[in-house]
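Biologist: I would like a close look at a single part of this model, and I would be glad of one connected answer rather than a list.

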Amino acid sequence: MPLFVFLPTDAVMWLITAVLIASFIYVRRSPRTREKWSRVFSRPIPQASCVILLVFFVLGLADSIHFRPQLASAPGESPAYSASTVSLLDSTVGNWIAGRERSYSSPFAITEFDKTSALVDGKPVRIFAHLKGITPDAKTASDRNRDVARRALAALSVWALVSAAAAALILSRTPAVPGEKRSARLRRAIRGRGGFAAAASGLILAALLLLFLWSAYHPFGTDKTGNDVLYQAVKSLRTAFVLGSLSTITMLPFAVFFGIAAGFFRGWVDDVVQYLYTTISSIPSVLLIAATALMIQVFIDQHPLLLPTSLERGDAKLFFIAAIIGVTGWASLARLLRAETMKLSGLDFITAARACGTPSGVIMRRHILPNVLHIILIVSVIGFSDIVLYEAVLSYIGVGVDPSMNSFGSMINAARNEMSRTPTVWWNLFAAFIFMVAVVLSANLFASAVRDAFDPRSYSGSGK
């Protein structure tokens with residue numbers, strides 16, 4: 001039985017999971033809210049975006065179950081555990097992919113990217129050494145090409161069988177219309193769910209290709225230390241979700257409390273809140289985050305017993321950086337909530353509540369907050385992608401997450417020197433770019449659909 005290790009950022013991922021489950025249950029029980037979310041998922045683009053984000057989140061969640069494996073011990077001895085902490089993703093996908101190499105290797109390469117010294121017939125020579133982690137069947141480029149084609153064809157065949165089985169299952173559950181062809185019945189069955197079907201089909205195909213290829217080759221090559229670049233990009237998804245979600249969770253209490261209070265009470269309360277967020281907005285956030293990161297690093301260095309492993313140190317730094325981004329990033333949402341609250345405070349139902357002697361706290365909780373929830377939801381979803389991009393900028397200038405943590409910013413920072421060498425090592429930057437675009441684009445497209453559905457001023461009533 002392994003020894004489970006619970007990190008602070010693991011709590012963030014599981015908190016998000018609990019919130020998503022609770023929100024799903026609430027939406028199912030609220031007809032009005034369910035109708036709004038049906039508008040969000042009435043188009044194929046937000047459907048596909050949701051599927052992609054959900055798959056990425058599940059990968060990040062699998063990387064948030066940490067434990068120390070139990071070592072073999074003699075009967076009667078107390079259990080001993082490994083000194084290294086791994087995640088569920090490491091123990092499954094990480095142990096299954098092609099092995100670690102000495103240094104750089106290009107995508108689907110069979111030899112190392114740089115020459116190394118070796119003894120040939122007793123003489124030292126410089127050669128491109130064969131990679132150790134890939135399949136031994138690929139001894140030449142021709143062997144590699146045939147093997148890749150064979151594995152890709154097998155993946156496509158399995159995908160075709162899975163697609164056919166899914167289509168047959170859908171057809172069996174769809175009532176037939178006399179004279180209707182099967183293709184027309186299938187189109188009728190998935191009408192309104194085309195985005196879900198297309199995204200699921202594409203992700204299944206990608207998963208099958210990786211299943212057949214990733215154990216034998218490095219599809220995105222390896223980095224300077226010989227680690228698989230694609231696997232680093234997958235593990236960076238957890239960092240992106242933790243940073244974006246924790247920053248948003250930290251930001252919301254400040255923005256909601258100060259924004260609604262300023263718009264409702266006005267007067268000196270409004271002046272104080274405006275002074276606070278104007279002051280925070282005038283200070284470059286990069287300086288605050290850099291100072292916080294340096295203070296955290298000094299604290300960690302002075303108290304090594306509190307965080308004995310590099311994983312715990314990097315996790316603590318990620319946690320506090322996300323928190324400081326949230327503490328310093330609530331001003332924009334507070335401005336929007338202040339303006340909306342001022343508008344709502346002049347409406348008849350708020351005036352009637354005041355005339356009846358309803359306490360201010362009850363009015364803000366029962367009447368103001370429900371009417372500004374659409375703004376909070378829209379800004380939170382849109383802000384997630386902004387924070388993911390923000391992390392890349394912070395890591396690029398050296399004040400982001402710990403170098404031991406996988407993140408898109410760390411990969412881009414490492415590629416800064418790799419792109420300037422000859423020949424160019426381009427695949428590290430390319431992998432980070434592909435995954436960042438997938439996460440940010442999916443989040444932005446989903447946020448756009450949420451804005452159209454929940455913002456009364458942008459909804460046309462057509463559902464398109």
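Biologist: With which residue does Arg43 form a salt bridge, and how far apart are the closest N and O atoms?

Modeller: Please bear in mind that this is a predicted model. In it, Arg43 forms a salt bridge with Asp452, and the closest N and O atoms are 3.4 Å apart. The pair links distant parts of the chain, since Arg43 sits in the loop between helix 2 and helix 3 while Asp452 belongs to helix 16, 409 residues apart. Both partners fall in the intermediate class of accessibility: Arg43 is partly exposed because its relative accessible area is 24%, and Asp452 counts as partly exposed because its value is 23%.

The helix that carries Asp452 also takes part in a nonpolar surface patch, to which helix 16 (residues 427-454) gives the largest share, 7 residues. The patch covers about 860 Å², and among its members are Ile45, Trp426, Phe430 and Leu445. Phe430 lies in helix 16 and is partly exposed, with a relative accessible area of 38%.

Helix 16 appears again at the largest pocket, which has a volume of about 2300 Å³. Helix 2 (31-40), helix 3 (44-62) and helix 16 are among the elements that give two or more residues to its lining. The lining comprises 47 residues, of which Leu20, Ser23, Trp37, Leu377 and Val381 lie nearest the centre of the pocket, and helix 1 gives the most, with 10 residues.

For context, the Arg43 pair can be set beside other salt bridges, the count of which comes to 12. The side chains of Asp10 and Arg238 meet in a salt bridge at 2.7 Å, N to O; because Asp10 lies in helix 1 and Arg238 in helix 8, this pair ties together parts that are 228 residues apart in sequence. Asp10 and Arg238 are both buried, and they are linked with Asp315 in a network of salt bridges. A further pair is Glu340 with Lys343, where the closest N and O atoms are 3.4 Å apart; these two are separated by about one helical turn, because they are 3 residues apart in helix 12. Glu340 is buried, with a relative accessible area of 11%, whereas Lys343 counts as partly exposed at 48%.

How values were computed: Residues are numbered from 1 along each chain as its sequence is written. This is a predicted model: local features need pLDDT of at least 70, side-chain atom pairs count only at pLDDT 80 or more; totals for chains, interfaces and linings use all residues. Side-chain values use heavy atoms; hydrogens and water are left out. Patches are made of residues with over 30% relative accessible area and no salt bridge: like charges are joined within 9 Å, nonpolar side chains (Val, Leu, Ile, Met, Phe, Trp, Tyr) within 5 Å. Accessible areas come from the Shrake-Rupley method with a 1.4 Å probe; for residues, only the protein chains shown count as cover. A salt bridge is a side-chain nitrogen of Lys or Arg within 4 Å of a carboxyl oxygen of Asp or Glu. Helices (H or I, at least four residues) and strands (E, at least two) are DSSP runs, numbered from the N terminus. Buried means under 20% relative accessible area, exposed over 50%, partly exposed in between (1.4 Å probe, protein chains only). On a 1 Å grid over the protein atoms alone, a cavity is a set of points where a 1.4 Å probe fits but cannot get out, and a pocket is an open set with protein on both sides within 12 Å along at least five of seven lines; lining residues have an atom within 4 Å of a point. Grid points are joined across faces, edges and corners, and a volume is the space filled by probe spheres set on the points.
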